[in-house]
Amino acid sequence: MNQASSSPLDIFNYVPTPEEQRRKLIASLSELTLSPADLARHLERNRDYREFSATIRSIQRMIAGETRVSGEMMVIVNMLLRQHRRLKARYRDLKWERSEHGVYWAQLDDWFVYISPQTRGRWILSCRNGPGPKDYSPPFGRWLDSLEEAKNKALVCVEEGMNDLAEIGYEVR
């Protein structure tokens, strides 16, 4: 690309190499705190018609560089990443409180997020759209290795819950 004629919009015309795409996929999943299994579950919840084992195998092969990262996969991961970054910007000053039992919690609009300490220094994350036990709670994710990882994943959990509720509301109509 000629430097003299380049513009900020030229980034939309750049075609990355397969290795650049692979590194971007790995970095994006890391920023989202998503394992290949988490991404496969997300695709399954959003109506991916393939068997779960085929989906996760495909993701693992892309990460390992055995196959190219598909354009569709990068579109999905980029959309998730943009969503996550918007939430991080919106809640940049999120205040975490700590209960007398060591549980960290925060409120994001109508959503309540709880991070509970577990054995071996791990954490489990849960959220619900309201303070009561009967309010909607998305399915639990995996145990997380650090409090910071759990706090980062909290935004992803809330976003998934918001998506679930929107889908449920749409189907009920």
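**Cavity, pockets, helices and sheet**

Reply: The lining of the largest cavity divides by class into 6 nonpolar, 4 polar and 2 charged residues. This is a predicted model, in which local features need pLDDT of at least 70 and side-chain atom pairs count only at pLDDT 80 or more, whereas totals for chains, interfaces and linings use all residues. Residues are numbered from 1 along each chain as its sequence is written, and side-chain values use heavy atoms, without hydrogens and water.

Me: What makes a lining residue nonpolar, polar or charged?

Reply: Ala, Val, Leu, Ile, Met, Phe, Trp, Tyr, Cys and Pro count as nonpolar, Asp, Glu, Lys and Arg as charged, and the others, Gly among them, as polar. The lining includes Leu32, His42 and Glu159, so by this rule Leu32 is nonpolar, His42 polar and Glu159 charged.

Me: Why is this space called a cavity, and the other kind a pocket?

Reply: On a 1 Å grid over the protein atoms alone, a cavity is a set of points where a 1.4 Å probe fits but cannot get out; a pocket is an open set with protein on both sides within 12 Å along at least five of seven lines, and lining residues have an atom within 4 Å of a point. The count comes to 1 cavity of 30 Å³ or more. The largest cavity holds about 100 Å³, and α5 gives the largest share of its lining, 5 residues. The largest pocket has a volume of about 370 Å³. Of its 17 lining residues, His42, Leu43, Asn46, Ile76 and Met79 are the closest to its centre.

Me: How do you know that α1 and α4 are in contact, and what is the sense of their crossing?

Reply: Contact means heavy atoms within 4.5 Å. Among the residues that make the contact are Leu25 and Leu29 of α1 and Val77 and Leu81 of α4. Helix α1 (residues 18-32) and α4 pack at about 35°, with axes 10 Å apart. The crossing is left-handed, a name used if the near helix is turned anticlockwise from the far one by less than a right angle.

Me: Why are β1 and β2 called paired strands?

Reply: Two strands pair if DSSP finds at least two bridges between them. β1 and β2 (residues 104-108) have 2 bridges, in the antiparallel sense, so they meet the rule. Glutamate 97 has tryptophan 105 of β2 as its bridge partner.

Me: What makes β1 and β4 edge strands?

Reply: The open sheet of 4 strands has the order β1-β2-β3-β4. β1 (97-98) and β4 (123-128) each have a single partner strand, so one side of each is left without a neighbour in the sheet.

Definitions and conventions: Grid points are joined across faces, edges and corners, and a volume is the space filled by probe spheres set on the points. Axes are lines fitted to C-alpha atoms, for helices over the stretch in contact, and angles run from 0 to 180 degrees between N-to-C directions.
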